Amino acid sequence: MKPFTLIITAIDAPLYSGEAFSVTLPGEDGAMTVLAHHQALITRLKEGIILVKDTNGEQTFPVASGVVEIANSSVTILL
């Protein structure tokens, strides 16, 4: 799999910044997995868990709500 740039940030602190192979998100309309070269998209997130797969394995981040922007092989998540 090809990596993409992923940034996860909360209002008070950055949570993740680096390259990831996939990120699974609790989208407003259901779970979604993002891979490199995903179609551009902006959508809201609902309560759940964000699952990041990168070279170090898997990491999870709880989310109460947020927004994700996918564009130009990068993903930015604002919690």
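Rings of Phe, Tyr and Trp, the last by its six-membered ring, pair if their centres lie within 6.5 Å; planes over 60 degrees apart count as edge-to-face. I start there because the cut-off of 6.5 Å decides what counts as a pair. This is a predicted model, so that applies to everything I say today.

How many aromatic pairs does a search of the whole structure find? The count is 1. The partners are Tyr-16 and Phe-61, with 6.2 Å between centres and 75° between planes, and the geometry is edge-to-face. Tyr-16 belongs to strand S2 and Phe-61 to strand S7, so this pair ties together parts that are 45 residues apart in sequence. On accessibility, Tyr-16 has a relative accessible area of 9% and is buried. Phe-61 is at 11% and counts as buried too.

Next, the core. The largest nonpolar core has 18 residues. Which of them touch the most other members? Those are Leu-6, Val-23, Leu-25, Ile-50, Val-52 and Ile-77. As for where the residues come from, the elements giving two or more are S1 (4-9), S2 (14-20), S3 (22-27), S4 (30-34), S6 (48-54), S7 (57-63), S8 (66-71) and S9 (74-78), every one a strand. S1 gives the most, with 3 residues.

Take Val-52 from that group. Leaving out residues up to four places away in sequence, Val-52 touches Leu-6, Ile-8, Tyr-16, Ala-20, Ser-22, Val-23, Gly-57, Glu-58, Gln-59 and Phe-61. Both rings of the aromatic pair, Tyr-16 and Phe-61, are therefore among the residues listed for Val-52.

Ser-22 is also on that list, and this serine sits in strand S3. Is Ser-22 buried or exposed? At 5% relative accessibility, Ser-22 counts as buried. Beyond its neighbours within four places in sequence, Ser-22 is in contact with Phe-4, Thr-33, Val-34, Leu-35, Leu-51, Val-52 and Lys-53.

Now the charged residues, beginning with Asp-54. Asp-54 is in strand S6. This aspartate is buried yet has no salt bridge, and the nearest side chain of opposite charge, Lys-53, is 11 Å away. A salt bridge here needs a side-chain nitrogen within 4 Å of a carboxyl oxygen, so a separation of 11 Å does not qualify. What does the side chain of Asp-54 make a polar contact with? The partner is the side chain of Gln-59, at 3.1 Å. With neighbours within four places in sequence set aside, the contacts of Asp-54 are Tyr-16, Glu-19, Ala-20, Phe-21 and Gln-59.

The salt bridges number 2. One joins the side chains of Glu-28 and Arg-44, at 3.2 Å from N to O. Glu-28 is in the loop between S3 and S4, and Arg-44 is in strand S5 (residues 41-45), so the pair ties together parts that are 16 residues apart in sequence. Glu-28 is partly exposed, at 39% relative accessibility. The other salt bridge is between Glu-58 and Lys-53, at 3.7 Å from N to O. Glu-58 counts as exposed, at 53%, and Lys-53 as partly exposed, at 33%. To connect this with what came before, Lys-53 is the residue named as the nearest opposite charge to Asp-54, while its salt bridge is with Glu-58.

On to the loops, with two backbone points. His-37 has a positive phi of about 65°, although it is not a glycine. His-37 is in the loop between S4 and S5 and counts as exposed, at 60% relative accessibility. Ser-73 also has a positive phi, near 55°, in a residue other than glycine. Ser-73 is in the loop between S8 and S9 and is partly exposed, with a relative accessible area of 29%.

The last residue is Ala-64, in the loop between S7 and S8. Ala-64 is exposed, with a relative accessible area of 62%. Which residues does Ala-64 touch, not counting those up to four places away in sequence? They are Lys-46 and Glu-47. Ala-64 and Lys-46 are 18 residues apart in sequence, and their C-alpha atoms are 6.2 Å apart in space.

Methods: Residues numbered from 1 in each chain as written. Predicted model: local features only at pLDDT ≥ 70, side-chain atom pairs only at ≥ 80, totals over all residues. Heavy atoms only, no water. Core = buried A, V, L, I, M, F, W, Y, C linked by side-chain atoms within 4.5 Å. Buried < 20%, exposed > 50% of the residue type's maximum accessible area, 1.4 Å probe, protein only. Helix = DSSP H or I, 4+ residues; strand = E, 2+ residues; numbered from the N terminus. Contact = heavy atoms within 4.5 Å. Lys, Arg positive; Asp, Glu negative; His and termini not counted. Polar contact = N/O pair within 3.5 Å; in protein donor to acceptor, adjacent residues only side chain to side chain. Phe/Tyr/Trp six-rings, centres within 6.5 Å; stacked < 30°, edge-to-face > 60°.
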